[in-house]
Every structure is written in structure tokens, then in C-alpha cells.
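Thank you for making time this morning. I would like to walk you through one structure, and I will ask you to keep it in view while I talk.

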Amino acid sequence: RQLNLSDRTYVVMGVANKRSIAWGIAQALAGAGANLIFTYAGERLGENVRTLSETLPGAHHVFPCDITNDEQIEQAFAHMKEAVGTIHGLVHCIAFANKEELEGEYLNVTREGYLLAQNVSAYSFTAVAKAARPLMTEGGSMTTLTYLGGERVVRNYNVMGVAKAALDASVKYLANDLGKDGIRVNAISAGPIRTLAAKGISGFNDVLKEIEEKAPLRKTTTQEEVGDTALFLASDLARGITGEVIHVDGGYNILSLS
Ligand code: NAD
């Protein structure tokens, strides 16, 4: 009953292709009957997103929203208001860092690279939370995607780990700000999944192999597993949960190094 989201609208930010975690989440939400609004950066991805969205049941909206551009964020949410009036939540699945700063020693990061990773991967969640709040008149849920590399040192994750730490802290501050409006704010810490963004991280295949060998569930994380947890967080089943980071990683995060 509580997973019937047919009277709800959610914004899905960060579909690049069918391997995107955002796409796994979109499929789970659409499967529960939710209406979806997709946002994307750059016209090339816009085509992908439109084509993918047409494969889902129901009619869905697609709007451009480069997260580094305040005007585009404002316009995207204005389009949403015009199209649907009220939204019940959003999922933010967006991150970026320079490839050359995702290997070697963290301390070689440049000021520019540091600020870029923070801007796209951490600040953007706060920016969209602020833009979404006025449309969430019935309360709801905001979820972002994070990674263990923000809590611990994960080889090569470097500047992105520092950005995820800022994102994790933002989840707590936003949860505290928005709780009084009936809006819950959480993060899913996904285990490694082979996506476009993951391609940029040096040694990614070794990480997947290690998870298969060592994670308590002895398998790597799937898009579907993350999608189902995002669906749970979006639904009323999670009504008592906010400011939380839920690990969907086969239990890998509980292990010590040895
Ligand atoms: P992906 O490449 O499919 O998605 C990343 C998305 O970010 C893309 O759609 C891209 O267009 C978007 N993006 C980048 N810059 C943008 C900008 N300026 N404006 C708007 N959108 C922008 O990869 P993914 O792995 O699905 O990544 C989604 C999220 O999941 C990221 O936050 C990532 O850090 C996180 N995550 C991924 C993994 C993994 O192993 N794949 C694990 C944990 C967390």
C-alpha cells in the first residue's frame, strides 16, 4: 500500500545512460507508479534521457539543468512548477571530478580541481534542495548518492572523497533545516557499480574484485538494489528516517582493513 506512489511526482537528476544509478532509481520509482521529472546537463544527454524516459510507463517530463548554473536550476524548477505544481521529492545522482585527480596522491589536487569537485558533487545538492523546497508543499523526501570514500580513505578516490564528506555533512544540515516542512533528507552510500562516472576512477576493476571476495554478501552492488532502497526512502515506509546515510554495499563498509 505505502509503495504505491501513483499520486506522487519525483525529480530524478543525473541519468546519463542506462547504466546510471539514477536510471536504476527511475525504474524503481516508475515501477511503483510515480510520475517522474528528469533533469540532465547538455543537449547530448538530453536525447538519451528523453529516449530512456519513453521506455517507462506513464508520461514524464524532461528538463535541462546544469547544476553549476544557478539560472538553469531556477529555470528547471520553474518549468516543474508550471508542469506539475507540487513535487514529492527528488533524487540527486550527480558528481564530477577531473580524471587526473582521481589517482595518485590526494595532496596533488589543484585549487581548481578541488572547487570543481565540491561545486558539482556537494554544493549542487544544497542548491537543488533550496530550489525544490517551495514545490514540496506536501513534504516528501530528498535523497543523494554518496560513497564510502567520504568516510574513509579509499585509494584513488581522493578529491571526490573530500567532496562526498561535504555532501554527507550537507545531508545532516539540510535534514535539520527541512524537517519542519515535513521533508526528509538522506543519502545512499552505494557500493561500486560500473557506470560512466566510475570509469574515471583509476583501479576500479580491482575494487569490484575485492568486493566480490570480501563483502559480507560476497557480491557487488547492483543498480536495482540501490533503486529499491531509493524507492523505500521516497515512500512513507521511511517516514521516520532523516539525516541518515544508508549503505547499500553488501555490507562492505563494516569490514576493517585486514
Ligand atoms: P553517471 O555517470 O551515470 O552519473 C553521473 C551524472 O552526473 C551524469 O548523468 C552526469 O551528466 C551528471 N553531471 C555531471 N556534471 C553535471 C552538471 N554540471 N550538471 C548536472 N549533471 C551533471 O554515474 P553514476 O555512478 O550513476 O553516478 C551517480 C551518483 O552516484 C554520483 O554522485 C556518484 O558519485 C554516486 N556513486 C556512484 C558509485 C559507483 O560506483 N558508480 C558509488 C557510490 C556513489
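I will start with the sheet and the helices on it, then turn to the pockets, and finish with the annotations from UniProt.

Please bear in mind throughout that this is a predicted model. The sheet is open and has seven strands, and if you read across it the order is E3-E2-E1-E4-E5-E6-E7, with the pairing parallel. At the edges you will find strand E3, residues 61–64, and strand E7, residues 245–248, each of which pairs on one side only. On average, and with direction ignored, neighbouring strands of this sheet are turned by 20 degrees against each other.

To take one pair in detail, strand E1, residues 9–13, runs parallel to strand E2, residues 35–40, and five bridges join them. Within that pair, Val11 has Ile37 in E2 as its bridge partner.

Now to the helices on the sheet. Helix H3, residues 70–84, packs on the sheet and touches E1, E2, E3 and strand E4, which spans 89–92, while the direction of H3 makes about 160 degrees with that of E3. Helix H8, residues 223–234, lies across E1, strand E5 (140–146), strand E6 (183–190) and E7, and H8 runs at about 165 degrees to E6.

Let me move on to the pockets. The largest pocket has a volume of about 1,200 Å³, and 48 residues line it, those closest to its centre being Cys93, Ile94, Ala95, Phe96 and Ala197. Several elements each supply at least two residues of that lining, among them helix H1 (21–31), helix H4 (111–132), helix H5 (158–178) and the strands E2 and E5. As for the character of the lining of the largest pocket, 32 residues are nonpolar, eleven are polar and five are charged.

The second largest pocket holds about 550 Å³ of space. Its lining consists of 19 residues, with Val153, Val154, Glu210, Tyr252 and Leu257 lying nearest the centre, and that lining divides into nine nonpolar, five polar and five charged residues.

Which residues does UniProt place under "binding site"? The entry, which is unreviewed, gives Gly14, Ser20, Ile21, Ile94, Lys164, Ile193, Arg194, Thr195, Leu196 and Ala197. Of these, Gly14, Ser20, Ile21, Ile94, Lys164, Ile193, Thr195, Leu196 and Ala197 are included in the lining of the largest pocket. Gly14 itself is found in the loop between E1 and H1.

The unreviewed UniProt entry also carries the annotation "active site", which covers Tyr147 and Tyr157, and the lining of the largest pocket takes in both Tyr147 and Tyr157. If you want to find Tyr147 on the screen, look in the loop between E5 and H5.

There is one last annotation to mention. Under "transmembrane region", the unreviewed UniProt entry lists residues 20–41. In the model, the chain over residues 20–41 is 50% helix and 27% strand, and the C-alpha atoms at the ends of that stretch are 14 Å apart.

Definitions and conventions:
Residues are numbered from 1 along each chain as its sequence is written. This is a predicted model: local features need pLDDT of at least 70, side-chain atom pairs count only at pLDDT 80 or more; totals for chains, interfaces and linings use all residues. Side-chain values use heavy atoms; hydrogens and water are left out. Two strands pair if DSSP finds at least two bridges between them. Helices (H or I, at least four residues) and strands (E, at least two) are DSSP runs, numbered from the N terminus. Axes are lines fitted to C-alpha atoms, for helices over the stretch in contact, and angles run from 0 to 180 degrees between N-to-C directions. Contact means heavy atoms within 4.5 Å. On a 1 Å grid over the protein atoms alone, a cavity is a set of points where a 1.4 Å probe fits but cannot get out, and a pocket is an open set with protein on both sides within 12 Å along at least five of seven lines; lining residues have an atom within 4 Å of a point. Grid points are joined across faces, edges and corners, and a volume is the space filled by probe spheres set on the points. Ala, Val, Leu, Ile, Met, Phe, Trp, Tyr, Cys and Pro count as nonpolar, Asp, Glu, Lys and Arg as charged, and the others, Gly among them, as polar. UniProt positions are given in the numbering used here, feature names are shortened, and annotations may be inferred rather than shown by experiment.
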